[in-house]
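Hi,

Here is the structure I promised to pass on. Have a look at it first, then read my notes underneath.

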Amino acid sequence: MNPTISLSALSKRYGRAQVLDRIDLEIGPGVTGLLGPNGAGKSTLLRCLATTLAPDAGRASILGRDPADAASRTEIRRRLGYLPQDPGHYPHFTAFELVEYVAILKEHTDRRERHREVRRVLAEVDLADRAKTRVRKLSGGMRQRLALAQALLGEPELIILDEPTVGLDPEQRMRFRALISRLGESRTVLLSTHQTEDVAALCERVVVMNHGRTVFEGTPRGIAEVAAGQVWLSDEPPAASRLFWRTADGRYRTLGHEQPGAVLADPTVEDGYLLLLGEPAEAAA
Amino acid sequence: MSGDWHVPGELMERYAASRLEPALVMSVEAHLTRCGRCRAAVPYEEEWLAGSWERLAAELDRPRPRFAERLLRRAGVAEHQARLLAATPTLSRAWLAAVAVVGALAVVAGRLSGAGPEIMYAFLVMAPVLPLAGIAAAYGPHVDPVHELQAATPMAGPRLLLLRAGVVLVTAVVILGALSPFLPGPGALSVAWLLPSLALTAALLALSTRMPMAAAAPVLCAGWFAAVLSGGALSQDDLLFFSPGAQAMYGCAALALTALTYTRRRRLDPGEPR
């Protein structure tokens with residue numbers, strides 16, 4: 001099966017900063033998570049894939065088309081749903097009006113069908129009863145769900161979500177995961193996140209980015225296995241390691257070499273992620 | 001109707017067939033809200049009921065068109081395009097009022113102050129940059145809060161930008177055009193802002209294929225003011241830039257720059273490689 005997204009040596013600079021550095025990547029159907037710290041280049045990569053930003057160099061194929069070509073770019077946009085990191089809103093619009101506005105931009109010209117589609121996506125994100133509420137009166141979590149609703153218009157084949165779980169409470173996050181899992185059964189969903197829990201719960205594949213490069217591609221289990229044999233639990237803080245933190249049960253979780261008096265623990269996605277980044281974890285008091 | 005009473009079969013048939021008088025319909029429906037047995041006896045078709053609910057939901061959800069949208073609909077613009085254009089940030093009452101106030105002030109000041117020629121000159125210098133400012137505030141990442149959402153849709157880039165630029169230009173021209181005949185001075189001079197306005201708008205769009213519109217607009221405004229003020233001062237003729245010869249040049253420039261924008265229109269798309 002052809003990948004939905006195929007990138008070859010994709011690069012982007014902002015001034016002197018190399019934000020994307022020769023990214024080679026293939027993404028197919030299902031849910032793929034893009035994990036990385038702030039400034040890793042995740043949002044820039046997603047903007048290039050959503051065709052809102054042109055890369056400086058490299059080649060891309062999205063839904064079998066070349067986004068560098070104007071006609072192909074329009075065709076990609078017809079089959080794309082995109083939730084930007086900062087989606088913005090017109091505060092005087094109601095929830096219905098904002099989603100309807102995007103539906104018009106997505107060429108839903110027939111009013112009756114457009115209204116039906118708007119009601120469908122609002123129901124998908126549990127905002128049907130808020131259709132007539134002005135956007136400025138919605139909570140942060142509701143606005144985030146509203147932004148997600150517009151990304152679902154027209155049942156797009158490719159859905160790109162930049163930090164979609166920001167602002168959602170635990171219950172909303174759980175509902176969001178259920179929705180994304182369902183969407184991922186029949187289409188390609190690419191989401192960026194800081195949350196390793198989202199990746200572990202949702203994603204069949206994970207791409208870890210750091211400093212504009214991909215440093216890992218594989219499964220969530222694969223990330224956890226990066227830390228296999230390197231996760232230790234002890235009652236006392238380790239003397240040498242800087243990659244440790246105090247857990248909820250009062251013990252110390254250390255990443256790296258064996259610690260005196262420590263026992264080996266099962267690695268998690270977060271352990272593997274931290275080791276991949278090679279950054280010292282914050283030591284919690 | 002007491003608690004033991006139920007809608008008789010014949011009455012129910014007439015109700016279902018919509019053959020009852022309004023007063024009886026209200027009476028039956030008041031009973032139906034309290035009586036599950038009679039509600040269950042109301043015949044209905046699944047398809048009809050689903051359709052009715054959908055029509056009701058559509059009616060309840062239908063947004064109330066705003067002022068700008070109603071104006072556009074009255075001008076014959078299609079429903080979906082009117083909604084799209086009415087969302088243009090510039091087309092807020094604030095901008096419309098600003099354009100109207102500038103024009104109205106010129107008219108009032110010109111009529112009352114006795115400084116007709118000076119007021120006319122100030123109006124001619126100011127009027128062409130009003131559409132320019134409006135268009136610059138109509139589309140772009142720094143002026144439109146949902147720009148990033150829009151940029152990933154099929155309407156993104158030249159289609160949306162040119163639609164919005166067009167509606168802002170027409171709106172400004174209509175408002176200023178309506179006020180121009182009331183300005184003190186010869187009639188031909190009172191519309192001498194129109195071609196400079198079109199030329200500056202065309203220049204803004206052409207320049208936007210090279211640089212962000214938010215940067216291009218101030219550059220053009222500054223260039224226009226510098227040229228008109230210094231040219232007038234050097235030539236001792238304030239109206240040099242509004243003479244018939246200059247008007248011909250603005251017309252030619254507007255056409256040439258529009259053609260240039262058309263050939264480079266793909267560069268107005270944020271996803272176009274540079």
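Let's start with a term you'll need: a residue is buried if 20 or more other C-beta atoms lie within 10 Å of its own, exposed if 12 or fewer, and partly exposed in between, with the C-beta atoms placed from the backbone. By that count, buried residues make up 34% of the 274 residues in chain B.

Some housekeeping. This is a predicted model, where local features need pLDDT of at least 70 and side-chain atom pairs count only at pLDDT 80 or more, while totals for chains, interfaces and linings use all residues. Residues are numbered from 1 along each chain as its sequence is written, and chains are lettered from A and ligands numbered from 1 in the order in which they are written.

**Chain B**

Chain B has 15 helices and zero strands. (Helices, H or I with at least four residues, and strands, E with at least two, are DSSP runs numbered from the N terminus.) Its radius of gyration is 29 Å, well over the 19 Å that the globule rule gives for 274 residues, so chain B is more spread out than a compact globule. That radius is taken over C-alpha atoms, and the rule is 2.2 Å times the number of residues to the power 0.38. Along its principal axes, the C-alpha trace of chain B spans about 100 × 55 × 25 Å.

The domain assignment splits chain B into domain 1 (9-61) and domain 2 (67-268); such bounds come from an automatic or database assignment. Taken over C-alpha atoms, the centres of these two domains of chain B are separated by 56 Å.

Next, contacts: two residues are in contact if their C-beta atoms, placed from the backbone, lie within 7 Å. Of the contacts in chain B with a separation of 6 or more, 71% are between residues 24 or more positions apart.

**Where the chains meet**

How many residues does each chain bring to the contact? Chain A gives 38 residues and chain B gives 28 residues. On the chain A side, α2 (70-78), β5 (80-83), α3 (95-105) and α4 (111-124) each supply at least two residues. The largest share of that side, seven residues, comes from α3(A). By class, the side of chain A that touches chain B has 17 nonpolar, nine polar and 12 charged residues. Here Ala, Val, Leu, Ile, Met, Phe, Trp, Tyr, Cys and Pro count as nonpolar, Asp, Glu, Lys and Arg as charged, and the others, Gly among them, as polar.

Stay with α3(A) for a moment: 11 of its 11 residues are buried, including Phe96(A), Glu97(A) and Tyr101(A). Just after α3(A), Glu107(A) takes a positive phi of about 70 degrees.

**Sheets in chain A**

Two strands pair if DSSP finds at least two bridges between them. An open sheet of six strands in chain A runs β5-β6-β7-β3-β8-β9, with mixed pairing. Its edges are β5 and β9 (213-218) of chain A, each with a single partner strand, so one side of each has no neighbour in the sheet. Strand β8 (residues 205-210) of chain A is joined to β9(A) by five bridges, and the two run antiparallel. One of the partnerships there is Met209(A) with Thr214(A) in β9(A).

There is also an open sheet of four strands in chain A, ordered β11-β12-β10-β13, with antiparallel pairing. Its edge strands are β11 (244-246) and β13 (263-264) of chain A. Three bridges link β11(A) to strand β12 (residues 252-255) of chain A, and Trp245(A) stands opposite Arg253(A) in β12(A).

**Domains of chain A**

Chain A is divided into domain 1 (1-79 + 156-218), domain 2 (88-147) and domain 3 (224-277). The C-alpha centres of domains 1 and 3 of chain A lie 30 Å apart. Their contact takes nine residues from domain 1 of chain A and five residues from domain 3 of chain A.

**Two backbone oddities**

Leu63(A) and Asp126(A) are worth clicking on. Leu63(A) has a positive phi of about 55 degrees although it is not a glycine, and Leu63(A) is buried, with 20 other C-beta atoms within 10 Å. Asp126(A) has a positive phi of about 60 degrees, and is not a glycine either. Asp126(A) is partly exposed, with 15 other C-beta atoms within 10 Å.

Cheers
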